[in-house]
Amino acid sequence: MSHPDRTTIAIAFHSGYGHTAVVAEAVARGAAGAGAEVVSISVDTITDEQWAHLDAADAIIFGAATYMGTASAAFHEFAEASSKRWFSHAWADKLAAGFTNSGAKSGDKSSTLGYFATLAAQHGMHWISLGLMPGWDSTTGSENDINRLGFFMGAGAQSPTDAGPEAVHTSDIATAHLGARVARQAAVFRSGRAALAA
C-alpha cells in the first residue's frame, strides 16, 4: 500500500444504505487528487489486511451515518475493536478527520463528528477540521453552496430518507474536499518528520 514518497490516507467508514458510501468515495477522490495513496475500508467487513492498512496509514478518516444521535452500531463495533490499537499506541500521532450523513439537515451530526474526534483523541491522534466557511448563511446563498450545512468539525451531508444514494446532494459531495485537506496536512507532517530525522 505505502510508497516512500507519498502519504497514505485510510478511510474507515460504514454505510447502511449507500448514501455514506457516496460521501466516502468523494473523500477518497479528494485525497487521491491531492497526491495521496488512498485505501477505503468498509468497517463492517474489515479484514486483518485492512487493519494493517490502518496501522500503516499517515491519516485515518472516519465516516458513518448518524443514527439516533451517534455513529451507526457497525462503526461503534469497529471503534471498540480498535482498542487493541489503543493498548499498543499503534495510531498515536496519526492524523484523523471525519464525515457523516443523516436524513435531516442537522440530525445531530455534530454528535457523531464529536464522537469521531473523541475516538481519535483516545488514540492520541491529531484532529483535522473541515476548514471551510459555512455556506447558505445569507440571503444571497443557496443550498448549492459548498458546506451548505455549516459544519466545522468535519464534513456533514444530508440525504433524503426516501431516496437512494443517487440523491446525495452535489454540494455535500463537493464539501468532501475534506479528503484533500487531510492529504495536504499529512504531507506536511510527513515532510516535517523527515526533516527532523535528517
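Which residue in strand 3 does A12 stand opposite? In this predicted model, the residue that A12 faces is F62, and the strand that holds F62 offers a convenient starting point for a description of the fold.

**Strand 3 and its partners**

Strand 3 is largely enclosed by the rest of the structure, because eight of its nine residues are buried. The strands that pair with strand 3 are set out below, each with the direction of the pairing and the number of bridges.

| Partner of strand 3 | Sense | Bridges |
|---|---|---|
| Strand 1 | parallel | six bridges |
| Strand 5 (residues 95-102) | parallel | seven bridges |
| Strand 4 (residues 70-71) | antiparallel | two bridges |

F62, which stands opposite A12, also stands opposite G98 in strand 5. Towards strand 4, the residue T66 stands opposite A71, and in the hairpin formed by strand 3 and strand 4, where two residues lie between the strands, M68 takes a positive phi near 50 degrees.

**Helix 2 and what covers it**

Helix 2 spans residues 48-56, and its buried residues are Q50, W51, H53 and L54. Seen down the helix axis, these buried residues fall within an arc of 155 degrees, and they therefore line one face of helix 2. On the other side of the helix, by contrast, D48 and E49 are exposed.

The cover over the buried residues of helix 2 includes strand 1 (8-14), strand 2 (37-42) and strand 3 (59-67), together with helix 3 (73-81) and helix 4 (83-88). Strand 3 thus appears in both parts of this account, as a partner of strand 1 in parallel pairing and as part of what covers helix 2.

Key:
Residues are numbered from 1 along each chain as its sequence is written. This is a predicted model: local features need pLDDT of at least 70, side-chain atom pairs count only at pLDDT 80 or more; totals for chains, interfaces and linings use all residues. Side-chain values use heavy atoms; hydrogens and water are left out. Buried means under 20% relative accessible area, exposed over 50%, partly exposed in between (1.4 Å probe, protein chains only). Helices (H or I, at least four residues) and strands (E, at least two) are DSSP runs, numbered from the N terminus. The arc is that of the directions from the helix axis to the C-beta atoms. Contact means heavy atoms within 4.5 Å. Two strands pair if DSSP finds at least two bridges between them.
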